[in-house]
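Here are my notes on the model you sent, set out as numbered points. Please read them with the structure open beside you.

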Amino acid sequence: MTLTPAAYTLLGLTALVAVLVAVLTFAALRFAAAARESRNGRGPGEDKLSAALQEAVTRLQAQERATAARADASERLSGEIISGLSAGLLVVGLKGEIRILNPAGRRMLNLAEAAPPDVCRRALDELSLSAVIDECLSTQAPVVRRSVTLPEAKHGVSHVGITVSPLFDDAQLHGAICLFTDLTAVKDLEEQLRLKDSLATVGELTAGIAHEFRNGLATIHGYGKLIDLSALPEVYRPYVEGIRAETESLGQVVTNFLNFARPAQLTLTDVDLRAICERAAEEVRADARALGGDVEVEGEFDVIEGDEVLLRQAFSNLLRNAIEACAAVPVAPRIVVQSEIDRAQRVSRVCVNDNGPGIPPALRERVFRPFYTSKRNGTGLGLALVQKIVVFHNGRVAVAASPLGGAAVQVTLPTAG
Ligand SMILES: Nc1ncnc2c1ncn2[C@@H]1O[C@H](COP(=O)(O)OP(=O)(O)OP(=O)(O)O)[C@@H](O)[C@H]1O
Ligand SMILES: [Mg+2]
């Protein structure tokens, strides 16, 4: 039997429809089975999916933990860096509120660990550091290595160098970061050099003239001595006595001045500071006791490399001044020579304290100038010589108020080695 082309087409179409129906039925059956599986609980597909999901979540959690640990470690590290810095670090907000002040900064500014922010802020104002920070905040430009003198030396810090940089967040200013370093040692060194220089100049300029003076005075004094008072009419005797007394005291001034102006040449040996102070104290003890007081030597003393004769002269001058100050009031002298060794700064501090009238702050630098004296018979060279001796030992000397009520003259000398 032969089929017509139309019959072939019909047959083809029927077969195609049959295949489509079969495919759709298979799909519907699979879908129904899947739906059943899903209604009855998890099927193997979902197990895989949830396992994958679980794994992804675990990985994410591990990543989060690692990120948190990294953040913790970096925070710890920056904390350690900030607190380990030997320079002071300060971060302030726009209104100058303190956000960070590291331990070195607190030490330099003499602020306790627990000092509240308003106390810290006041301290910054008093120490003129706020002015530098405000300048940076208002100009929005860094202030580089500005040297600031602290009004009162805190913990021995009298000068700090400060660098302030503005802090921006997306070009928006939100505060400033300041680094400050202790410049006291550098300033002391500069001051020592300046003093040594000016002492050398004074010495060169004046020693020659002073020498001539002394020769002239010695001649006048000699002739004055040759005059036989008994051969003079009574009326002239006081004049000759006056000439002798005046030339003698002028001779003393010139000798002291030459002593002071002479170029310092140190004969260095190991010097026991306790022995030196005990000896200087011994020299004035009788005078102190005669005035109803005493002299004490206490604390920890160092052995330093220095010129024994000059150092003894320096401490004798200081003790003599203390006795004279007490005698002038008058008050029974209580004089205490107190020493300590600062191993961190590698210096010895020997302080001569008295209970005299003290030295007002306005005069505390002036008293070291040659010829400054408040005494009728003083030459005003005692402290100038002390300063010269100490400076030539690479130390420094300063006057403060003593806990005993009078003056405290503090000599700082570098330790040996
Ligand atoms: N311990 C002290 N207490 C109070 N004032 C002091 C003390 N030491 C020094 N001075 C003041 O400093 C001034 C200068 O002291 P300095 O030793 O240089 O000279 P002087 O004692 O007056 O004279 P010189 O020492 O030459 O005899 C003194 O005149 C005094 O006014
Ligand atoms: Mg004196």
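1. Arg145, a residue of strand E3 (residues 143–154), deserves a look at its backbone in this predicted model, since its phi is positive, at about 45 degrees, although the residue is not a glycine.

2. A second backbone feature to inspect is the peptide bond that runs from Val329 to Pro330, which is modelled as cis with omega near -10 degrees. Pro330 itself belongs to the loop that links H9 with strand E9 (334–342).

3. On confidence, the protein has a mean pLDDT of 89, with 96% of its residues at 70 or more. When the elements of the protein are ranked by mean pLDDT, helix H1 (residues 5–40) comes out lowest, with 76, while strand E7 (residues 294–299) comes out highest, with 98.

4. Turning to the ligand, which residues are the closest to ligand 1? They are Thr373, Ser374, Lys375, Thr379 and Leu383, and they belong to a set of 19 residues that surround ligand 1. By character, this shell consists of eight nonpolar residues, eight polar residues and three charged residues.

5. Three polar contacts of ligand 1 can be checked individually in the viewer. A nitrogen atom of the ligand lies 2.9 Å from an N or O atom in the side chain of Asp354, and an oxygen atom of the ligand lies 2.5 Å from an N or O atom in the side chain of Ser374, a residue that is also listed among the closest to ligand 1. With Leu381 the partner is a polar backbone atom, which is 3.1 Å from an oxygen atom of ligand 1. On its own, ligand 1 has 590 Å² of accessible area, and the protein covers 88% of this.

6. The space that ligand 1 takes up is the second largest pocket. Helix H9 (308–328) and helix H10 (382–392) are the elements that each contribute two or more residues to the shell around the ligand, and H9 gives the most, with four residues. H9 is also the helix that precedes the loop holding Pro330, so named in point 2.

Technical notes: Residues are numbered from 1 along each chain as its sequence is written. Chains are lettered from A and ligands numbered from 1 in the order in which they are written. This is a predicted model: local features need pLDDT of at least 70, side-chain atom pairs count only at pLDDT 80 or more; totals for chains, interfaces and linings use all residues. Side-chain values use heavy atoms; hydrogens and water are left out. A residue is near a molecule or strand if one of its heavy atoms lies within 4 Å of it. A polar contact is a pair of N or O atoms within 3.5 Å; within protein, one must be able to donate a hydrogen and the other to accept it, and residues adjacent in sequence count only if both atoms are side-chain atoms. Accessible areas come from the Shrake-Rupley method with a 1.4 Å probe; for residues, only the protein chains shown count as cover. On a 1 Å grid over the protein atoms alone, a cavity is a set of points where a 1.4 Å probe fits but cannot get out, and a pocket is an open set with protein on both sides within 12 Å along at least five of seven lines; lining residues have an atom within 4 Å of a point. A molecule sits in a cavity or pocket if more than half of its atoms lie within 2 Å of its grid points. Ala, Val, Leu, Ile, Met, Phe, Trp, Tyr, Cys and Pro count as nonpolar, Asp, Glu, Lys and Arg as charged, and the others, Gly among them, as polar. pLDDT is the predictor's confidence in each residue, from 0 to 100.
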